[in-house]
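Colleague: I am new to this one. Can we walk through it together, one question at a time?

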Amino acid sequence: MSDTYDTIIIGAGIAGATMAYALTKKGQKVLVLDKNAIASGGSGAAGAFVSPKIGKGSALQTLTNEAFLFAKDFYLSICPEYFHQTGVIRIPKDENDAQKFSEYEKFNDTEYENYSKNKLQYLGINTEFDGFYFPDAGDCDAVEVCECLLRDIEVVKYNVETLKKDDKLWFVGGYKAKNIVLSTGYEASLVDLRYMGIRGTWGTRGDFSTQLNLTVSMHQSMSVGANVDGVIKLGATHEKDIKEPVRCSKEQALKLKEKASLLIDASDLKLQKVYCAMRAGSKDYFPLVGRVIDVSYMLETYSSITRGAKPNLKYIDNMYVLNGLGGRGFVFAPLMSEILAMHITEGKKLDKRISPDRLFLKWCRKL
């Protein structure tokens, strides 16, 4: 065990775990710090679906599907026992949504099949609509995937409250490193990240034991996982009105069962465990991956920035962020980590679509 590292990553969710894995594969000595445990926050409560995004070909859909292709190969090669490639069926919510699906079809740029309502009903899915079936998609065992990725990496339970830096190194408690990566989820208070607009969305997931022969996963207005080893996962929810973590609710999980009963025969589902936590997203739903701007320096040095000036940006040396993955954390994390790892170790230019820089000047003009 060493107290000096190339990079210290703060946060042991799926963002921190994939980041640590990517940097370690590139020869770095990495330490991961988390105040609780591996995947103890939003990642552990995720439904952890790994599936494409449907839509009309937006920039976010394009990025999501790039990440999906990378992620499914990543999980199959690194931890296949925890990635269940059951296929995922996307089902319209109502008649209006069904009409949109016909418009979405030409933008389905990953492998898919059209499933008629008769075929869906044959599979035990109650619907009056046709859907899209993505055979390469599936879902992960969230905690187990994070633990697998961090298996050979040093992880320490430590509540980071302050960060200090000299000319060359960051100091965190008794540890030091050249680089810091912030993967702290919705709790983004170690430095001024206000311009990134990181926000929390509360999620609840229920795991239910069952003998139901459900061989595929699906998403309509909620996610229903396939039966894997006698367990079906329902959720996770997206509740934006909850601003602070609350105790997990058995009642909330049972509401998921009630909702799922509209899609499947949920009569023998028995609640085994409830997971709940806050997931972190961004204002525009794109990930936040890159360097961290020195906000206080920029505001003090360039007062006209609040009136539309566009000076060169100054960054905090050797500080990076990987956050804001939202409800698609297990889709985005592997590719976003690879991009940031290549930037840190090889100086490869960051993708503008995911750089937090995109949000800074607009934020300044609102001050």
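Modeller: Start with one cut-off. A residue counts as exposed when its relative accessible area is over 50%, and as buried when that area is under 20%. Partly exposed is in between. Keep in mind that this is a predicted model.

Colleague: Then is Lys56 buried or exposed?

Modeller: The relative accessibility of Lys56 is 53%. The cut-off for the upper class is over 50%. Lys56 therefore counts as exposed.

Colleague: Which residue forms a salt bridge with Lys56?

Modeller: Side chains of opposite charge can pair when their charged atoms come close. Here the closest N and O atoms are 2.9 Å apart. The partner is partly exposed, with a relative accessible area of 37%. It is Glu103.

Colleague: How many residues apart are Glu103 and Lys56?

Modeller: Glu103 is in helix α3. Lys56 is in the loop between β3 and α2. The pair links distant parts of the chain, and the separation is 47 residues.

Colleague: Let us stay with that helix. Which residues of α3 are buried?

Modeller: Helix α3 covers residues 95–104. An α-helix has 3.6 residues a turn, so residues three or four places apart point the same way. The buried residues cover an arc of only 60° around the axis, which puts them on the same side of α3. They are Asp97, Phe101 and Tyr104.

Colleague: What do the buried residues of α3 pack against?

Modeller: First, the other face. Turned away from the buried side, it carries the exposed residues Asn96 and Ser102. The buried residues pack against two strands, β5 and β7.

Colleague: Which residue caps the N-terminal end of α3?

Modeller: Look for a side-chain oxygen by the backbone nitrogen of Asn96. The two atoms lie 3.2 Å apart. The oxygen belongs to Asp94.

Colleague: Which residue forms a salt bridge with Asp97?

Modeller: Asp97 counts as buried, at 10% relative accessibility. In its salt bridge, the closest N and O atoms are 3.7 Å apart. The partner is Lys93.

Colleague: Which salt-bridge partner does Asp139 have?

Modeller: Asp139 lies in strand β8 and its partner in strand β16, so the pair ties together parts that are 94 residues apart in sequence. The N to O distance is 3.4 Å. The partner is Lys233.

Colleague: Are Asp139 and Lys233 buried or exposed?

Modeller: Asp139 has a relative accessibility of 2%. For Lys233 the relative accessible area is 12%. The cut-off is under 20%. Therefore Asp139 counts as buried, and Lys233 is also buried.

Colleague: Now the rings. How many aromatic pairs does the structure hold?

Modeller: A pair of aromatic rings is described by the distance of the centres and the angle of the planes. Ring pairs also link Tyr21, Phe70, Phe74, Tyr75 and Phe83 into a cluster. The count of aromatic pairs is 16.

Colleague: What kind of pair do Tyr112 and Phe134 form?

Modeller: Tyr112 lies in the loop between α3 and β6 and Phe134 in strand β7, so the pair ties together parts that are 22 residues apart in sequence. The centres are 6.3 Å apart. The angle between the planes is 40°, and the pair is tilted.

Colleague: What kind of pair do Phe132 and Phe134 form?

Modeller: Phe132 and Phe134 are both buried. Their ring centres lie 6.5 Å apart, with 70° between the planes. A plane angle over 60 degrees is the cut-off for this class. The pair is edge-to-face.

Colleague: Which ring does the charged end of Arg205 sit over?

Modeller: The distance from the charged end to the ring centre is 4.0 Å. Lys314 has its own ring, Tyr297, with the centre at 5.1 Å. For Arg205 the ring is that of Tyr275.

Colleague: Last, the backbone. Which peptide bond is cis, with omega near 15°?

Modeller: Look in the loop between β16 and α6, where Ala236 is found. The bond leads to Ala236. It is the one from Gly235 to Ala236.

Technical notes. Residues are numbered from 1 along each chain as its sequence is written. This is a predicted model: local features need pLDDT of at least 70, side-chain atom pairs count only at pLDDT 80 or more; totals for chains, interfaces and linings use all residues. Side-chain values use heavy atoms; hydrogens and water are left out. Buried means under 20% relative accessible area, exposed over 50%, partly exposed in between (1.4 Å probe, protein chains only). Helices (H or I, at least four residues) and strands (E, at least two) are DSSP runs, numbered from the N terminus. The arc is that of the directions from the helix axis to the C-beta atoms. Contact means heavy atoms within 4.5 Å. A polar contact is a pair of N or O atoms within 3.5 Å; within protein, one must be able to donate a hydrogen and the other to accept it, and residues adjacent in sequence count only if both atoms are side-chain atoms. Rings of Phe, Tyr and Trp (its six-membered ring) pair if their centres lie within 6.5 Å; planes under 30 degrees apart count as stacked, over 60 as edge-to-face and the rest as tilted. A charge sits over a ring if NZ of Lys or CZ of Arg is within 6 Å of the ring centre and within 35 degrees of the ring normal. A salt bridge is a side-chain nitrogen of Lys or Arg within 4 Å of a carboxyl oxygen of Asp or Glu.
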